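This briefing sets out selected features of one protein model for a reader at the bench. Please consult the sequence and the structure shown below while reading.

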Amino acid sequence: MNSATAHNTMNDVGSSDSGAAPTYSEAFPPLSDGGNAAGIATTSAENEWLNPKIQRIKSSVVTQIFHIPMEERAYKQTDFGQAQKDQSKACMDIMKMTDTQIEISTCRDGSLALLVSGRADNVLKARREIFNRLQTQARITINIPKDHHRVILGKSGSRLQKLELETATKINIPRSEDQNTAINIVGTQEGIHKAKHEIQLISDEQAKLAMERLQIEKMYHPFVSGPRSETSNQIAKEHGVRIHIPPPSVPKNEIVVAGEKDGVNAAVAKIMAIYNRKSRNCKTIAVEIMKSQHKYIIGPRGQTLQDILAETEVSVELPPSDSLSETVTLRGEPEKLGQALTTVYAKANSVVNREVMADVWLHRFIIGKKGANIRNITANLPNVNVEFRDEESKIVIEGPPSEVDQAQQLLEKEVKELKSRMDYTELNIDPKYHRNIIGKGGQSINKLRDQYKVNIRIPSDTDNSSLIRIEGDPEGVQEAKKQLGQMIKRMENERSKDVLIEHRFHKNIIGQKGENIRVIRERFPEVNISFPDASLKSDVVNLRGPKNEVDKCYKYLKHMNDDLIEKNYRIEVPIFKQYHKNVIGKGGSNIRKIREETNTQIELPTENSDSEVITIIGKKADCEKARKLIREIEREQANIVEESLSIESKLHNSLIGAKGRLIRSVMDECGGVQIHFPTDSSGSNTVTIRGPPDDVKKAKTQLLQIAKQKELASYTQEVKCKPELHRFLIGRGGATIKKVRDETGARIIFPAANDNDKEAIVLIGRKEEVEQAQKILTERIKKMENVTEIEMEIDPKWHKHFVARRAAVLRDIADEFGGVAVSFPRVGEQSAVVRIKGPSECVQGAKTRLAEIVDDLNNQVTIKCVIDEKYHRTVIGMKGKNIQLVTGELNVQVKFPDRGNQNAPQNGNEPIQNGVEDEDAKNIILITGHKDRCQEAKEALEALVPQVEEVSVPYKFHRYIIGQKGSGVRKLMEEFDVNIGIPPADKNSDIITITGTADKLTRAKEGLMERVGEIEKDEEDRVLRNFALTIEVPNLYHPQIIGRRGATITKIRIKNEVNIQFPDREDPNRDQIKIVGYERNTEAAKQEIMAIVNELASHISQDMHIDRRVHPRLIGTKGKAIRKIMEDYGVDIRFPKDKDIVTVTGPQDRVEECVEHVLNLEEEYMQDIVEQEENRKYNHSSRPDDRSRSHGQQSHPFVVRDAPWHQSVDTNSMDDFPSLSAPSSGASRSTTAPAWNRRM
């Protein structure tokens, strides 16, 4: 067929379709070519991807780089590395504060480069913090007029905050009440100059502005403003100014005009012209209009007043809403007042109010369901507003007079009609019955409503009302009232009774999905049975109903409860764990037999549980019988006796010990006997011991001895002492009370903060020890309670030290010495006498302490201690730990020089001067205190200055010292409080540096060498532990050696503490097994493996023909069936892939038994398979015609017109089919093979 014929044929096929086939260009439109102006235009509607209006999506994360020059870095690099840590900490704080990511690097010139990534606003915040904290700060001051400060601040300080963010500076503007005009700017040099420039621009712009405050009477403001502020807006627009006119509610005459000077002057001139004209020509009229009509003159949002002003140029003033006045004032030119007055009256009378009296209970019927009835009434009255006032039993109608009158008639007619066909009644019923009237889920009340076509309104629980209202059809109301009365009468005759049923039995009585309780309720339909909430765990079940029925139901439930109690009697029987398997029996035969014989439920602890108790549940007699049978099984296995002894229950916990350690040790010492204590709630003193006779006897003796010791050591007495004296009894650091404890051996317990009795001191121990301690404490308390008063002299110049800071020193003395009172002379008195009042011993102690303080003050000096600034942080210690220790022990004050002020520039490049001329001032630490102790403090501080010592440790041990993720070296540094520097790996150096105080260096060095010794031992042990032994084992035995899921090999590995490596399948040495570990352990593991191999070597393998269709059934779900066969016969069974062969491996006799069993199974399974295949033949669908028909009904082929293959093409044309190669000269090959022909 040529191409022309094909074209015609395709057209014929296409024409057979119901519609015209699309052309090739329509079905496959060409893609747009941006470079071809004559191409097919593709509109944005056709292809939204080519729409130029679509905006490119921008990332919300930005990245910026900030540089800090070397000379402006706040943290300079030091030898000790502290500045680097501070710098890193500052960066971490900034990242956390601003939610950004910061990468910091140091350039070759020493400058810092910081890469900051995050949201744009967060990056700005981070930039400011970086320059504030990582760059030295300069400071300048500029003077800006006070009235410009508020403009710089902006609304709520927003403009200032924005300026600070953009310039990364801190700008301090004085408070409004402060007359100072200076503004301080702190930040980097670049930032402060930029901020200064921006502030100066704002100030210069404000200097060009002007503001005028015009005092114009309030009554003329409407004329200046104009209707809807049109006049003032026009003036403001013409002259580019802002005009502020106070609203009508603000009693203020001032009009403010602000803007550029020329514009303000022109606007003021116009406003004053309006004011002058109106003040000359305006007159006023006052009329009385009812207060209720004022709102109609005002209109919605005051629009009516604005309309009157626009139409008549007359201002209407009304009294405030809270005023009783009804006077309305009109102000304007005389000729326009009449028109305005007419308009005011028209507006006032445009809306009227009418009232329709209707009982409250009728309101909702008038309104209807979801307001449907009232909408129908007012459907043709769009301007009417209807308001229902329940408290006044009336309906208020508001609107135009004509529509209001019509609405009033309709509503009165509706009320009259409702009254004729509706009725209501009210009943007083005790609120306790309301819930019963409503019923479960509202069933009872809904039934009454539907039956009598009435509405019954029951007050809510919060109303505390007993009134129930019935509304609806008169007959229905009466019937419902009668029905409710009968219900109440019946409920009043009802009885409520509680039956106690153990909470654990509630679910048994209720039954699964409520089946049991449903049967009980059907048996007693008039009784309401209420179970408590499950979370309350209450035993009370409430019954409510007629007395006789409640009594019957009570007896029934009580009987059920007694029966459940009887059937759920519980006995716990302790049986030695090793005999549990004997109790269970082979395949559970023994335990099943006991359960069946005794009709009990027997629960045994799980195999991996430590519990030895077997629980028996059932009737008491049956439980006792079951216990006897279980005990007999145990006695058959061993000679077990049981003995009871009486020990006071108060000693039981002490005998058991913390977490049962004490009683466990007794049981272990006595051959593992069982010792059982009664529960705390039982109050029993009986302790039971079970086990072999000798062991029981030994355990009994030990328990009685321990109990006697505990009883002797638990004698208790109390001593009463005022809480304020406890501190004195305890002494400083507990020294006094420790002495008493050591002398007497008694334990002394003071009341805790949360104890109710704050005076009781408890003494515990042996009787003689407690009595001795009681005697000592009583004597001391007696002495302390003898209040005395003494005097001492203290130089008046030191009085201020004691009473300063709200007498903090005196409060500390009072707390330390039993609440003594120290009285200093009043201010102005030149007396040196100080009185101390309190317990005698406390008074003397307080006097001594005061004398010590005065001595310190008299001998107080200040000395200097010079320590290089770079060591100050180390001397201070983490969180000031070191310095607090020195000041606390020696009672001195230590002051370190201020940091970071020396290099901070001021006013450009000038450094801030801090008044210190000496270059060494930054290294001087001042110590203030007693002259003797100051020298000790100085020595203590100098001892804290770190020193450096080098230790040689072989390089190969460094990684072990460092530990995983540095944990090893960190542990050493924390233990010895030093810094350990380990050289980088590329240096291959043996030298480790230790930095710390002299006393700590020695200990740290010793600790480091100890660690090196441990590593050397580990190295030797590692060599021994890596002994490798290779054994030859045929590859076919490897799976059996490994075992199921590696169980066998894992057991060998754990037992011998070795590592066993099996070769890969492709390994040429796949018969070799490698054992790594200690030599003796590898030999032991080898013996175990070879024993398995020898056993496997005696096994035989037998193949049997099993149909492949049977294989899945033999294997079972997840291999359960085949595993059971292998376990039962002790063999290994393999199924080769895609074969009818099954291989059984194992001892000969077992293999033969297994083969016979599997062949029997095959025969049985094959019968089932054959039957199923036969059934499938007959059950299989026999309707191929339907499928063939459905396949035959194919849709019409997709057809297009004017496709390239429809065109007539001359395959010999050089234009349509040019030659793929240049024609050779003199050749006759003028044609090539047609492009559409078959390729060769």
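The points that follow are grouped by topic.

The model is predicted rather than experimental. By the distance rule applied here, the count of salt bridges in the model comes to 48. Individual pairs are described below, together with a serine in a short run of helix, a hairpin, a helix of 28 residues and a span annotated in UniProt.

**Salt bridge between two strands**

- The side chains of Glu254 and Arg213 form a salt bridge, with an N to O distance of 3.3 Å.
- Because Glu254 belongs to strand β9 (residues 254-260) and Arg213 to strand β7 (residues 209-215), this pair ties together parts that are 41 residues apart in sequence.
- Glu254 counts as buried because its relative accessibility is 15%, and the cut-off for burial is under 20%.

**Salt bridge between a loop and a helix**

- Glu333 and Lys278 meet through their side chains in a salt bridge of 3.7 Å, N to O.
- Glu333 is located in the loop between β12 (327-332) and α13 (334-348), whereas Lys278 is part of helix α10 (residues 261-281), so the pair ties together parts that are 55 residues apart in sequence.
- Both Glu333 and Lys278 are buried.

**Salt bridge within one helix, and a network**

- A salt bridge of 3.4 Å, N to O, joins the side chains of Asp551 and Lys547.
- Both residues lie in helix α22 (residues 547-567), where four residues, about one turn of the helix, separate Asp551 from Lys547.
- Asp551 has a relative accessible area of 18% and is therefore classed as buried, the limit being under 20%.
- Lys547, at 44% relative accessibility, is classed as partly exposed because this value falls between the 20% and 50% limits.
- Elsewhere, Lys278, Glu313, Glu333 and Lys336 are joined into one network by salt bridges that share partners.

**Surroundings of Ser225**

- Ser225 is found in helix α8, which covers residues 221-225.
- With a relative accessible area of 13%, Ser225 is buried, because the cut-off is under 20%.
- The side chain of Ser225 makes a polar contact of 3.4 Å with the side chain of Ser229.
- When neighbours within four places in sequence are left aside, the residues in contact with Ser225 are Glu230, Thr231, Ser232 and Ile245.

**The β14-β15 hairpin**

- Strands β14 (residues 385-389) and β15 (residues 394-399) pair in the antiparallel sense, with five bridges between them.
- Glu387 has Val396 in β15 as its bridge partner.
- Four residues lie between the two strands of this hairpin, and Ser393 in the turn has a positive phi of about 50°.

**Helix α39**

- Helix α39 (residues 998-1025) contains 28 residues and spans 40 Å from its first C-alpha to its last, which is close to the 40 Å expected at 1.5 Å a residue.
- Its buried residues are Lys1000, Leu1001, Ala1004, Gly1007, Leu1008, Val1012 and Ile1015.
- These buried residues of α39 pack against two strands, β39 (947-952) and β41 (991-996), and against two helices, α37 (958-962) and α38 (967-976).

**Annotated span**

- An unreviewed UniProt entry lists residues 616-643 as "coiled-coil region".
- In the model, residues 616-643 are 64% helix and 21% strand, and the end C-alpha atoms of this span lie 21 Å apart.

Terms used:
Residues are numbered from 1 along each chain as its sequence is written. This is a predicted model: local features need pLDDT of at least 70, side-chain atom pairs count only at pLDDT 80 or more; totals for chains, interfaces and linings use all residues. Side-chain values use heavy atoms; hydrogens and water are left out. Buried means under 20% relative accessible area, exposed over 50%, partly exposed in between (1.4 Å probe, protein chains only). A polar contact is a pair of N or O atoms within 3.5 Å; within protein, one must be able to donate a hydrogen and the other to accept it, and residues adjacent in sequence count only if both atoms are side-chain atoms. Contact means heavy atoms within 4.5 Å. Two strands pair if DSSP finds at least two bridges between them. A salt bridge is a side-chain nitrogen of Lys or Arg within 4 Å of a carboxyl oxygen of Asp or Glu. The expected span of a helix is 1.5 Å times one less than its number of residues. UniProt positions are given in the numbering used here, feature names are shortened, and annotations may be inferred rather than shown by experiment.
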